[in-house]
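Student: I should like to take a close look at a single part of this structure. Could you please guide me through one helix and its surroundings, in connected steps?

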Amino acid sequence: MQTKSQKNEPFGERLRAERQRLGLTQTALGDLGGVSKTSVVGYEAGNYTPDVAFLAGVAEGGVDPIFVLQGEPAETFVADKFNWALAAELCSLVDAWAEARSVPTPAGARWQLIEHFYRQLCAKGTIDDRLIEATFRVAQLGDAG
């Protein structure tokens with residue numbers, strides 16, 4: 001469902017740029033998003049705002065939804081928001097834990113722990129030692145099974 005919006009020209013311009021980057025016609029973009037060419041024309045003109053189903057459909061077709069919504073490519077948006085210092089600290093913690101164990105820890109298991117910690121801790125921006133220790137204890141119990 002589309003909604004009438006106040007003029008949203010930057011959104012429409014970015015949607016048009018993505019469509020052109022992919023070499024799609026307005027009809028083809030509409031097909032990806034499950035709407036008519038007329039709807040796409042309205043989106044690109046900034047007269048209407050598409051719904052999430054449209055954005056999901058065109059994203060599957062290669063449109064960068066972060067760029068369309070935010071005005072910056074997804075890679076830049078994600079890279080700029082990634083907390084590299086936290087990730088480095090987590091890598092060091094997991095590596096130290098793995099080296100102290102008597103059981104070898106595969107690289108894949110290390111990365112799973114790092115990702116688990118990062119997802120839980122990036123909102124805080126700090127490391128909760130109790131959470132780290134509890135997770136390491138659970139990981140060691142998995143070795144016994």
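Tutor: Let us begin with a term: two residues are in contact when heavy atoms of theirs lie within 4.5 Å. Please keep in mind that this is a predicted model, and that the values below are computed from it.

The setting comes before the detail. The chain has nine helices and two strands, and along the sequence they follow the pattern β-α-α-α-β-α-α-α-α-α-α. Of its 145 residues, 30% count as buried. Among contacts with a separation of 6 or more, 61% are between residues 24 or more positions apart.

The part to examine is helix 2, which comprises residues 26–33. Which of its residues are buried? They are Gln26, Leu29, Gly30 and Gly33. Viewed down the axis of helix 2, these buried residues fall within an arc of 100°, and therefore they line one face of the helix. After helix 2 comes Gly34, which has a positive phi, near 75°.

Two of these buried residues, Gln26 and Leu29, also appear among the contacts of a residue in another helix. Arg19 belongs to helix 1, residues 9–21. Leaving aside neighbours within four places in sequence, Arg19 is in contact with Leu24, Thr25, Gln26, Leu29 and Glu44. Is Arg19 buried or exposed? Its relative accessibility is 10%, so Arg19 counts as buried, because the term applies to values under 20%.

Helix 2 also packs against helix 4, which covers residues 52–60. The angle between the two helices is about 110°, and their axes are 7 Å apart. Helix 2 is therefore roughly perpendicular to helix 4, since angles of 65 to 115 degrees fall in that class. The crossing of helix 2 with helix 4 is right-handed.

Which residues meet where these two helices pack? From helix 2 come Leu29, Leu32 and Gly33, and from helix 4 come Ala53, Phe54, Gly57 and Val58. By class, this contact has five nonpolar residues, two polar residues and no charged ones; the glycines belong to the polar group, because Gly is counted there.

Leu29 thus joins the parts of this picture: Leu29 is one of the buried residues of helix 2, is in contact with Arg19, and takes part in the meeting with helix 4.

Notes: Residues numbered from 1 in each chain as written. Predicted model: local features only at pLDDT ≥ 70, side-chain atom pairs only at ≥ 80, totals over all residues. Heavy atoms only, no water. Buried < 20%, exposed > 50% of the residue type's maximum accessible area, 1.4 Å probe, protein only. Helix = DSSP H or I, 4+ residues; strand = E, 2+ residues; numbered from the N terminus. Arc of directions from axis to C-beta. Axes fitted to C-alpha atoms, helices over the stretch in contact; angles between N-to-C directions. Parallel < 35°, antiparallel > 145°, perpendicular 65-115°, else oblique. Left-handed = near helix turned anticlockwise from the far one by under 90°.
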